[in-house]
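Please open the model in your viewer and keep the selection panel at hand, since this tour goes from one selection to the next. At each stop you are told what to pick and what is to be found there.

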Amino acid sequence: MLFRPHREESHFFRYLSLIAVALLVLTPMVATVLGGFKTLGELRVDPFGLPERWRLDNYIAILTDPWLWRLLFNSLVIAGATVVLTLIAGAMAAFTFAQIRFFGSRMLLNYILLGLLFPAATAILPLFIKLRDFGLLNSHMGIILPQVAFGLAFSVVLMRGFFRQLPAELWDAARVDGCSYAAFFWKVTIPLSTPILATVGVFVLVQSWNNFLLPLIVMNDDDMYTWPLGIMEFQGEFSTDWHLVLAFITVTMIPALVLFVFAQRYIVAGLTGGAVKA
Amino acid sequence: MVDTADSGTPARPGLLASWHRTWRRANQRSAFGERYTTAIVFLIPTVTLFTLFVILPMGEAALYSVYRWNGYGELSTFVGTRNYAFLLNNGAFRSALINTGLIILVSLAIQLPLALWMALILAERIRGAVLFRAIFFLPYILAEVATGLIWKFVYDGRYGLVAGLYGWFGAEPPFLLADRELAIYAVMIVVVWKYFGFHMMIYIAGLQAISHEVVEAARIDGASWWQTAWRIKVPLLAPVIRLSVFFSVLGALQLFDLVWALTRGGPANATHTVVTYLYNFGITRMSIGFGSAVGVVLFIICVVFAFGYRRSLMRHD
């Protein structure tokens, strides 16, 4: 009598709660995708059900609008540059903190870690003034540089943790062979660190792709908009044409879903790693 | 000769030793030099960007906050603490603080228990676990703006899901987001919907790190699923839970996109959070001084919370 008999009802109850929550999570998203196939009249009658006819008009209208592609292009350029710059600057700094002993290293690291303390929103007004004075308003760089700056603290923490776990013998061996720090960084540390680079990269990519507040203050020409600004403007313009708005939302959901499917591992790793180490 | 005899060391080895010493010192100096050159060169991009776009603006926020300034011309109208005084007596700001507090409360009282409950179920080998995890994590992947608009549709009293739901019962649907009393609760539901999956993932990672022996031992002693979950797993998960509480509060303090997409702080300023208030009254009206004061207050709240929480609750983690 060591084991109690398995209790079926608790298993049933657990599945029941899973399914109930899953329905609550999925319904708004599924209704959004389906709504893109409907007419406004159909939405009025039945926002839940399948469309009477799977009409593609809304989606075609959205997808053939060059502005949509302009938005996605802007977001892509900004996200790509943010990832590359964050990885380069962050990895160099993290390497220095992990590998090189120098006077003031602890102090400088703490200085960078200040970035984890407060959200970007607190300094958004002076940042706006600064970008204006630098002539960076309404330019991609005006979003890229502050995004990199605000992403650095988190990236340095994660990468430094990883670099420190690389075996110290590597450096000793390289040193005997007369290797410099810079060469060691490029030839040994970076090639061994692809998992953490991917994790940080994907995380920064998602944040940049979804960022709203910074583009909102930086961009004022709708050809320079990123897609979150575009979707807000579109909704403002077609506020009652929900069938079009829903199609627009659905189209912009696709990149996030694709990324999720392919990079889920790194997203979750970044999240839990960041959570544990922050 | 006398010298050599007195010192007792032959001339040649002495010379060699001093050469060696000089050589080694030079070598050390160059290693020292290389260390510092590399450190400086490698840190320049990060320190420059960070100082320029994070630290300086924060300092400037403190400076601007004691002026009345529309962002153009000289900083000349010094107003001392008047921006802060106005802020603390402002009804809309107080309601923004209360809303932020309510969102924190809902996060702690509803979102985290829900996340924990789901994690306890899904951290085990149970059929469909991977699928359910992905589904619950999906809202977190969506952009805040897209989430806000999806829910704006859900709440729409004419075309939305709420309208459909009321339609089934033949009732007149409410316009939730236009209702001063109800709108903030509608916002809270979306917050829970969007972020519980994030906390669930952290909990699952934490649960999977718990040693199997402890759980097995409890099972063998006859503990039920409930008892193992409540008496063994949750206490062992405490450090992770404390961490997720920390994230929850900081997340609520900086909530902006979602609320902006849903309500823009309306109706009649009823759903502002601290950041939507900052945006609405600082940027859109170009009140740089006043908006900076809001930023400074938010900064102080975040820092006090972060340090206080780490000191008191996360001391041992």
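At what angle do the axes of helix α7 and helix α10 of chain A cross? Select residues 140-164 of chain A for helix α7 and residues 194-210 of chain A for helix α10; in this predicted model, their axes come within 10 Å and cross at roughly 160°. The two helices, α7(A) and α10(A), are therefore roughly antiparallel to each other, and their crossing is right-handed.

Now show the side chains where these two helices meet. On α7(A) the residues to pick are Q147(A), G151(A), S155(A), L158(A), M159(A) and F162(A), and facing them on α10(A) are I196(A), T199(A), V200(A), V204(A), Q207(A) and S208(A). If you colour this contact of α7(A) with α10(A) by residue class, six residues are nonpolar, six are polar and none is charged.

**Chain A as a whole**

Next, select the whole of chain A and switch to a cartoon view. Chain A has 13 helices and zero strands, so that from the N terminus on every element you pass is an α. The radius of gyration of chain A is 24 Å, well over the 19 Å that the globule rule gives for 278 residues, so chain A is more spread out than a compact globule. Along the principal axes, the C-alpha trace of chain A spans about 75 × 75 × 35 Å. Of the 278 residues in chain A, 45% are buried. Taking the contacts in chain A between residues at least 6 apart in sequence, 78% join residues at least 24 apart.

**A lysine in a loop of chain A**

Zoom in on K38(A), which sits in the loop between α1 (8-35) and α2 (40-45) of chain A. Is K38(A) buried or exposed? K38(A) counts as buried, because 27 C-beta neighbours lie inside 10 Å, where 20 or more are needed for that class. Leaving aside residues up to four places away in sequence, K38(A) touches L43(A), P51(A) and H243(A). Add W242(A) to the selection and draw a C-alpha to C-alpha distance: K38(A) and W242(A) are 9.6 Å apart in space, although 204 residues apart in sequence.

**Where the chains touch**

Bring chain B back into view and select the residues at which the two chains meet. How many residues of chain A are in contact with chain B? There are 73 residues of chain A in contact with 72 residues of chain B. On the chain A side, the largest share, twelve residues, comes from helix α13 (residues 242-277) of chain A. Coloured by class, the side of chain A that touches chain B shows 57 nonpolar, eleven polar and five charged residues.

**Chain B and a helix pair within it**

Hide chain A for the next stop and look at chain B, which has 14 helices and two strands. Buried residues account for 42% of the 317 residues in chain B, and among contacts in chain B between residues at least 6 apart in sequence, 67% join residues at least 24 apart.

Within chain B, select helix α4 (residues 91-122) and helix α11 (residues 238-253), which pack at an angle of about 145° with their axes 9 Å apart. The crossing of α4(B) and α11(B) is right-handed. Their contact is made by T100(B), I103(B), I104(B), S107(B), L108(B), Q111(B) and L112(B) of α4(B), together with S244(B), V245(B), S248(B), V249(B), A252(B) and L253(B) of α11(B). By class, this contact of α4(B) with α11(B) has eight nonpolar, five polar and no charged residues.

**The loop between α12 and α13 of chain B**

For the last stop, select P267(B), which is placed in the loop between α12 (257-262) and α13 (274-283) of chain B, and display the backbone. The peptide bond from G266(B) to P267(B) is cis, with omega near -10°.

R264(B) is also found in the loop between α12 and α13 of chain B, and phi of R264(B) is near 55°, a positive value in a residue other than glycine. R264(B) counts as partly exposed, because it has 19 C-beta neighbours inside 10 Å. Finally, pick N269(B), placed in the loop between α12 and α13 of chain B: N269(B) has a positive phi of about 60° although it is not a glycine. N269(B) is buried, with 21 other C-beta atoms within 10 Å.

Conventions:
Residues numbered from 1 in each chain as written. Chains lettered and ligands numbered in written order. Predicted model: local features only at pLDDT ≥ 70, side-chain atom pairs only at ≥ 80, totals over all residues. Axes fitted to C-alpha atoms, helices over the stretch in contact; angles between N-to-C directions. Helix = DSSP H or I, 4+ residues; strand = E, 2+ residues; numbered from the N terminus. Parallel < 35°, antiparallel > 145°, perpendicular 65-115°, else oblique. Left-handed = near helix turned anticlockwise from the far one by under 90°. Contact = placed C-beta atoms within 7 Å. Nonpolar A, V, L, I, M, F, W, Y, C, P; charged D, E, K, R; others polar. Rg over C-alpha atoms; globule rule 2.2 N^0.38 Å. Buried ≥ 20, exposed ≤ 12 C-beta atoms within 10 Å, placed from the backbone.
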